[in-house]
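Open the model in your viewer and keep the sequence panel visible. The tour below says what to select at each stop and what is there.

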Amino acid sequence: MLNLKVVTWALGISTAFSFVFCVAYGLATPESLHMHAFLEQVLPGFKWLSWSAFVIGLVESFLYGVYAGLVYVPVYNFLQRRWCA
């Protein structure tokens, strides 16, 4: 049985870290290899690159992870109780 709080926080922090990694990758590589077009499509309000856009993207990334945890854990726990008990 998965712990909702632990998994949700872990996914939120993981997606926020992934966002920071993608931005750092975009700053360190030539523009032809950037992922900013993808980030602008999946993160509403994010535009490459300013401090306010960075904070918006970081918060949205974290919330996507939280959402995934809040949806995944109850489904996983339900199925585990039903099929593995």
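The stops below follow a predicted model, beginning with its helices.

**Stop 1: helix α1.** Select residues 4-28, which form α1. At 1.5 Å a residue, the 25 residues of this helix should span 36 Å, and its end C-alpha atoms are 36 Å apart, so the two agree. Now show the side chain of N3, which caps the N-terminal end of α1. A side-chain oxygen of N3 lies 2.9 Å from the backbone nitrogen of K5.

Next, colour the buried residues of α1: V7, T8, G12, A16, F19, C22, V23 and G26. What lies over them? The cover includes α2 and α3. C22 can be checked individually: its relative accessibility is 16%, under the 20% limit, so C22 counts as buried.

Finish this stop at A28, which is also in helix α1. Is A28 buried or exposed? With a relative accessible area of 65%, A28 is exposed. Draw a distance from its C-alpha atom to that of L39: the two residues are eleven apart along the chain, and the separation is 16 Å.

**Stop 2: the loop after α1.** Move to H34, in the loop between α1 and α2, the latter being residues 36-42. The side chains of H34 and H36 are joined by a polar contact of 3.5 Å. Which residues does H34 touch beyond its neighbours within four places in sequence? They are G26, T29 and W48. G26 was among the buried residues coloured in α1.

**Stop 3: helix α3.** Select residues 51-84. The 34 residues of α3 should span 50 Å at 1.5 Å a residue; the end C-alpha atoms are 47 Å apart, which agrees with that expectation.

Colour the buried residues here as well: A53, F54, G57, E60, S61, G65, V66, G69, V73 and N77. Their cover includes α1, just as the cover of the buried residues of α1 includes α3. Then go to C84, which has a relative accessible area of 61% and is therefore exposed. With C22 and C84 both visited, what does a search for disulfides find? Over the whole structure it finds zero.

**Stop 4: aromatic rings.** Show the aromatic side chains. How many aromatic pairs does the structure hold? There are six. Zoom in on W9 and F62: their ring centres are 5.6 Å apart and their planes stand at 55°, so this pair is tilted. The pair links distant parts of the chain, with W9 in helix α1 and F62 in helix α3, 53 residues apart. F62 has a relative accessibility of 23%, so it counts as partly exposed.

Now select F19, F46, W48, W51 and F54, which ring pairs link into a cluster. Some of these have appeared already: F19 is one of the buried residues of α1, F54 is one of those of α3, and W48 is in contact with H34.

**Stop 5: the annotated spans.** An unreviewed UniProt entry lists residues 7-28 and 48-73 under "transmembrane region". Select each span in turn. Residues 7-28 are 100% helix and 0% strand, with end C-alpha atoms 31 Å apart. Residues 48-73 are 88% helix and 0% strand, and there the end C-alpha atoms are 33 Å apart.

Key. Residues numbered from 1 in each chain as written. Predicted model: local features only at pLDDT ≥ 70, side-chain atom pairs only at ≥ 80, totals over all residues. Heavy atoms only, no water. Helix = DSSP H or I, 4+ residues; strand = E, 2+ residues; numbered from the N terminus. Polar contact = N/O pair within 3.5 Å; in protein donor to acceptor, adjacent residues only side chain to side chain. Contact = heavy atoms within 4.5 Å. Expected span 1.5 Å × (residues − 1). Buried < 20%, exposed > 50% of the residue type's maximum accessible area, 1.4 Å probe, protein only. Phe/Tyr/Trp six-rings, centres within 6.5 Å; stacked < 30°, edge-to-face > 60°. UniProt positions renumbered as here; feature names shortened; annotations may be inferred. Disulfide = S-S within 2.5 Å.
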